[in-house]
Amino acid sequence: MGRLGDLATISDQYDVAISTACGFLDHIVVQTTAGAQRCLAYLRQNNLGRANFIPLDKMKKGAHDRVVETPENAPRLFDLITPSNFVVTPALYLGVGNTLVAPDLETATRWAYD
């Protein structure tokens, strides 16, 4: 399907937040584990290096749909992302989980320790 970072958009104001919080942006999203295995075989055959894959058939279904209470109704980074296709939503959730977006470091620290 493509690189996770290319399968969704987010407002420019959250670009640093998503780049910092999501270490999965360069992972390749594939539909099945078999597809990931075929991709790995191709990389090996052609000596093209390494890649990490997120097979959608192994993703938990519905984890991203749960209602989450946040301190001071803070937005989750996940909720600020617009997927290009709803099918990749579980992969996006895998990448950022319930990471909150705080307006400043003081607020983030307060939330973390309350």
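1. In this predicted model, the residue to look at first is Gly 97, which lies just after helix H3 and takes a positive phi of about 55°.

2. Helix H3 itself, which runs over residues 89–96, is mostly covered, since 7 of its 8 residues are buried. Those buried residues are Thr 89, Pro 90, Ala 91, Leu 92, Tyr 93, Gly 95 and Val 96. Their cover includes helix H1 together with the strands S2, S3 (28–30), S4 (53–55) and S5 (81–83).

3. Two of the elements that help to cover H3, namely S2 and H1, also appear in the lining of the largest pocket, to which strand S2 (8–10) and helix H1 (15–21) each supply at least two residues. This pocket has a volume of about 160 Å³, and of the 13 residues that line it, the closest to its centre are Gly 5, Ala 8, Ile 10, Ile 18 and Leu 25. Sorted by class, the lining is made up of 8 nonpolar, 3 polar and 2 charged residues.

4. A disulfide is a covalent bond between the sulfur atoms of two cysteines. When cysteine sulfur atoms must lie within 2.5 Å of each other to be counted, the model has 0 disulfides. Cys 22 is in no disulfide, because its nearest cysteine sulfur, that of Cys 39, is 19 Å away, well outside the 2.5 Å cut-off. Cys 39 is likewise in no disulfide, with the sulfur of Cys 22 as its nearest at 19 Å.

5. The surroundings of these two cysteines can be compared as well: Cys 22 has a relative accessibility of 4% and therefore counts as buried, whereas Cys 39, with a relative accessible area of 29%, is partly exposed.

Technical notes. Residues numbered from 1 in each chain as written. Predicted model: local features only at pLDDT ≥ 70, side-chain atom pairs only at ≥ 80, totals over all residues. Heavy atoms only, no water. 1 Å grid on protein atoms, 1.4 Å probe; cavity = no way out; pocket = protein on both sides within 12 Å on 5 of 7 lines; lining within 4 Å. Points joined across faces, edges and corners; volume = space filled by probe spheres on them. Helix = DSSP H or I, 4+ residues; strand = E, 2+ residues; numbered from the N terminus. Nonpolar A, V, L, I, M, F, W, Y, C, P; charged D, E, K, R; others polar. Buried < 20%, exposed > 50% of the residue type's maximum accessible area, 1.4 Å probe, protein only. Contact = heavy atoms within 4.5 Å.
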